[in-house]
Structures are given as structure tokens and as C-alpha cells.
Amino acid sequence: MIKKGIIRGLIPLVIMTIISAVLKFQGVAEGQVRGTFVAGLISTTVVATSVLYEVEEWSLTKQSAAHFVAMLATVYPLLLISGWFELNGPADYLKILGYFILTGAVLWTIAYLIFGIIVPKIKK
């Protein structure tokens, strides 16, 4: 499973790193280059940790909780260093945490509807 996660994660990492390097070579603003690279790191972690949903011995709740903890430990800090948000005090960090949780809940719900309800109905 770890090998599968690494392989999945390497694909967006390589693609986004190449795009970031091309942007830097073209003289694009440093903030945009960094933002592109951070987006690649976020994509990498999301894709790599998707293997958690393939642990058949775990309930969906346990899979989701493990994925949330992994995202909290990786994506949230990446959001903080991305330069996409102003960080002037504790309220800003909490606001970004709120965005993180809300976005994650929406994406989890959409994925559940598609892969937990729609796809199984189509397969029947």
C-alpha cells in the first residue's frame, strides 16, 4: 500500500514540479511559481493518501478520520506557507483552518455521493 501511495503521489509531484520550473525559467513572478509548486505538493499528498480508502479492514469512518489527520498534518501547513492567505494573527490561522475543514467536507461529500452511491448503482 505504501508503494502504491508513493507511485500515485509522484505523478502530480513530477508534473507540477516541471511546470513550476518552466514558470521560473520564463521569469514568472516568484509567488506564482511557489503557488504552483505548493499546489503540486497538496495534490501529491491528497492523491498519495487516497490509498487509505482501500484498507478494506477499516470502516469508512476510520478511513476518513485517518485521511483527515493526514491532510491536517500536510495540507493545512502547506496552505499556511503557500502565500495565498494573509497571516497577521491567530484569527487568520483559524480562518484558514475553517476553509480547510469546509473544503474537505464538501469534497468528501461529493466523493461519497459519486463513489459510494452513484457508481455502485451504475454497476448494478
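Colleague: Before turning to the pocket in this predicted model, how are helices defined, and which helix gives the most to the lining of the largest pocket?
Modeller: Helices are DSSP runs of H or I with at least four residues, numbered from the N terminus. Helix 2 (30–48), helix 3 (60–81) and helix 4 (90–123) each supply at least two lining residues. The most, 12 residues, come from helix 4.

Colleague: How much space lies in the largest pocket, and which residues are the closest to its centre?
Modeller: The space in the largest pocket is about 850 Å³. Its lining consists of 27 residues. The closest to the centre are Val46, His67, Gly104, Leu107 and Trp108.

Colleague: By class, how many residues of the lining of the largest pocket are nonpolar?
Modeller: The lining includes seven polar residues and two charged ones. Its nonpolar residues number 18.

Colleague: Is helix 3 parallel or oblique to helix 4?
Modeller: The two axes come within 11 Å and cross at roughly 140 degrees. Angles over 145 degrees would count as roughly antiparallel, and 65 to 115 as roughly perpendicular. Helix 3 passes helix 4 in a right-handed crossing. Because of the crossing angle, the relation of helix 3 to helix 4 is oblique.

Colleague: In which helix is confidence highest?
Modeller: The protein chain averages a pLDDT of 93, and 100% of the residues score at least 70. Confidence is lowest in helix 1 (residues 2–25), at a mean of 92. The highest mean, 95, belongs to helix 3.

Technical notes. Residues are numbered from 1 along each chain as its sequence is written. This is a predicted model: local features need pLDDT of at least 70, side-chain atom pairs count only at pLDDT 80 or more; totals for chains, interfaces and linings use all residues. Side-chain values use heavy atoms; hydrogens and water are left out. On a 1 Å grid over the protein atoms alone, a cavity is a set of points where a 1.4 Å probe fits but cannot get out, and a pocket is an open set with protein on both sides within 12 Å along at least five of seven lines; lining residues have an atom within 4 Å of a point. Grid points are joined across faces, edges and corners, and a volume is the space filled by probe spheres set on the points. Ala, Val, Leu, Ile, Met, Phe, Trp, Tyr, Cys and Pro count as nonpolar, Asp, Glu, Lys and Arg as charged, and the others, Gly among them, as polar. pLDDT is the predictor's confidence in each residue, from 0 to 100. Axes are lines fitted to C-alpha atoms, for helices over the stretch in contact, and angles run from 0 to 180 degrees between N-to-C directions. Angles under 35 degrees count as roughly parallel, over 145 as roughly antiparallel, 65 to 115 as roughly perpendicular and the rest as oblique. A crossing is left-handed if the near helix is turned anticlockwise from the far one by less than a right angle, and right-handed if clockwise.
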